[in-house]
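Please describe how the aromatic rings and the nonpolar cores are arranged in the structure shown here, in words that a first-year student can follow.

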Amino acid sequence: MPKPFYITTPIYYVNDRPHIGHAYCTIVADVIARAHRLMGEEVFFLTGLDEHGQKVQQAAQAKGVTPQEFCDQMAPHWEQLWPKLLISNNDLIRTTQPRHKQVVQTILQKLYDAGEIYTSEYEGWYSTRAEQFLTEKEMGPDGKFPAEYGEVTRLKEKNYFFKMSKYQDWLINYIRDNPGFVYPDYRRNEILGFLQKPLGDLCISRPASRLAWGIPLPFDAGYVTYVWFDALVNYVSAAGYGSAEFEQRWPADIHLIGKEILLFHAGYWPIMLKAAGIPLPKQIAAHGWWTRNGQKMSKSVGNVVDPVAIVEAWGADALRYYLLRELPVGSDGDWADTNFERRYNGELANDLGNLVNRSLSMINRYCKGVVPQPAVPDPLDDELRALAAATAKRFPERVAKLELNALLNDIWDFIRRCNQYVDQCAPWALAKDPSKAARLGTVLYSLAESCRVISILLTPFIPVTAEKIRRQLAIADAPAVLIEAELWGMLVPNRPLGEVAPLFPKKQ
Ligand code: MSP
């Protein structure tokens, strides 16, 4: 079996309520996963939940339940969200699962045995909210720590440290020598800039007396594992580290993350892997952050965009389309309701919806609902056909470069060209002249073919709509495959269409 294309999302904190930012990351990963499936690849798409740490312990205490009970109550909010967003993940790892705990302990033991971990007495400023010791780097010019760290207290502890600093130069060279490792380029520069300062060694333990909710260190039961060390390992534990399956799946092709956790993924994680003798993932891709009407989303402001509410009002495809079309992977985005509605009505309902609806309705009206037989094409048909093939051909490269919004732009250029073609060819006028019957058949065939190509290209982005188009064309029995978007003439003439219905009801 060939190695599957392996893509991951961050594992989300189980105690949060999912919002549009989490939805965004998982949807982008899903589009990439589906695009690779469309190209005929085997895909392993992983998402998951980050369940250990102080915040979970505290939230459980406040509710009067055990941390595990708390996680079990919260996990369904996430597990039930993904199908609503049409997420096609192959696995969902929870860090409280035995398969994960075992791997974390195996890797810790391996590093410990290799002399990569040592103990040291440490005194410093500790933030409970960030679950980390803070240094002067984090301190503001006023000598105080920023509010995002919450209450900061002085702590003195013996802890275990991972010898990260000795790999710093190696990492810098690795990132320099492998330009595609961190995406986009400006994040690569950011991490290289960050690595100008000493990384220090990483404190990877928390005394169990202070924090019981974590994975015990295999070599000292008085400690649990630092939550980030635990969390990062999910990418190999879910892939079956230690089994034959792992050799098949690893390395991951893409860890898709939000820009705020770049240091963990492009700094700590590669070093952890290097020290443990595990190959590195091929790419860390960081996307931007969504704000709403220019403001940071927060529960206290009450401006959080709830993905479920959007799906209920507009459908999952509309949400997926907006998030992907609005910005390139990497840039920050601003959620504005008016903009969402403009794209829905203008691009989905008008450009795409009308094209499919008027094309297929004309086949119903002028060809008794049967795919017409094309006759000799004229230059306009050749041009349409060439643009369809060019758009399909560019697809793999766009996907490889994560240019998903440019890919949607390409597809929409084609959709708009098709709409222009309808106006230029005016099938309604051809239908009035019996001597133009052959031309009418060719035009309507070209349009039906264009709809078929569009349905393939849009499958990763708006899978429900793509499937609807295929049902209307009566070709939904076979799965969409990219190679068929490059071939013109796949629709069999003289076969009846399915039931034709509008794709996107207009909303005011
Ligand atoms: N548990 C850690 C990740 C561990 S991965 C080994 C974590 N979880 S999180 O629940 O806070 O989710 C982080 C991810 O959610 C971000 O990296 C990002 O992908 C997504 N987003 C959360 N809020 C976001 C926005 N406002 N906008 C876009 N995405 C953001 O960090």
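Phe 162 has a relative accessibility of 0%, and because buried means under 20% relative accessible area, Phe 162 counts as buried. The model is a predicted one, and every value given here is computed from it.

A pair of aromatic rings is described by the distance of the centres and the angle of the planes. The ring of Phe 162 pairs with that of Phe 229, and since the centres are 6.4 Å apart and the planes stand at 80°, the pair is edge-to-face. This pair links distant parts of the chain, for Phe 162 belongs to strand E6 (residues 152-162) and Phe 229 to helix H7 (residues 227-232), with their positions 67 residues apart in the count. Phe 229 is buried too, with a relative accessible area of 1%.

Another edge-to-face pair is made by Tyr 174 and Phe 181. Here the two partners differ in their surroundings, because Tyr 174, at 23% relative accessibility, counts as partly exposed, whereas Phe 181, at 1%, counts as buried. The two pairs are set out below.

| Pair | Distance of centres | Angle of planes |
|---|---|---|
| Phe 162 and Phe 229 | 6.4 Å | 80° |
| Tyr 174 and Phe 181 | 5.2 Å | 90° |

The count of aromatic pairs comes to 33. Ring pairs also link a cluster, whose members are Tyr 24, Trp 290, Trp 314, Tyr 322, Trp 335, Phe 340, Tyr 344 and Phe 504.

Aromatic rings can also have a charged partner: the charged end of Arg 249 sits over the ring of Phe 44, 3.9 Å from its centre, and Lys 55 lies over the face of Tyr 13, at 4.7 Å from the ring centre.

Which residues touch the most other members of the largest nonpolar core? They are Leu 323, Trp 335 and Leu 352, in a core of 108 residues, and the largest share of this core, twelve residues, comes from helix H1 (residues 20-38). A second, separate core has 62 residues, including Leu 46, Leu 217, Val 236 and Ala 252. Trp 335 has contacts that include Ile 20, Trp 290, Val 305, Leu 323 and Phe 340, leaving aside residues up to four places away in sequence.

Finally, strand E3 (residues 91-94) runs parallel to strand E2 (residues 43-50), to which four bridges join it, and Gly 48 stands opposite Ile 93 in E3. From E3, Asp 91 and Ile 93 point one way while Leu 92 and Arg 94 point the other way, and all are buried.

Note on methods: Residues are numbered from 1 along each chain as its sequence is written. This is a predicted model: local features need pLDDT of at least 70, side-chain atom pairs count only at pLDDT 80 or more; totals for chains, interfaces and linings use all residues. Side-chain values use heavy atoms; hydrogens and water are left out. Buried means under 20% relative accessible area, exposed over 50%, partly exposed in between (1.4 Å probe, protein chains only). Helices (H or I, at least four residues) and strands (E, at least two) are DSSP runs, numbered from the N terminus. Two strands pair if DSSP finds at least two bridges between them. A nonpolar core is a set of buried Ala, Val, Leu, Ile, Met, Phe, Trp, Tyr and Cys residues joined through side-chain atoms within 4.5 Å. Contact means heavy atoms within 4.5 Å. Rings of Phe, Tyr and Trp (its six-membered ring) pair if their centres lie within 6.5 Å; planes under 30 degrees apart count as stacked, over 60 as edge-to-face and the rest as tilted. A charge sits over a ring if NZ of Lys or CZ of Arg is within 6 Å of the ring centre and within 35 degrees of the ring normal.
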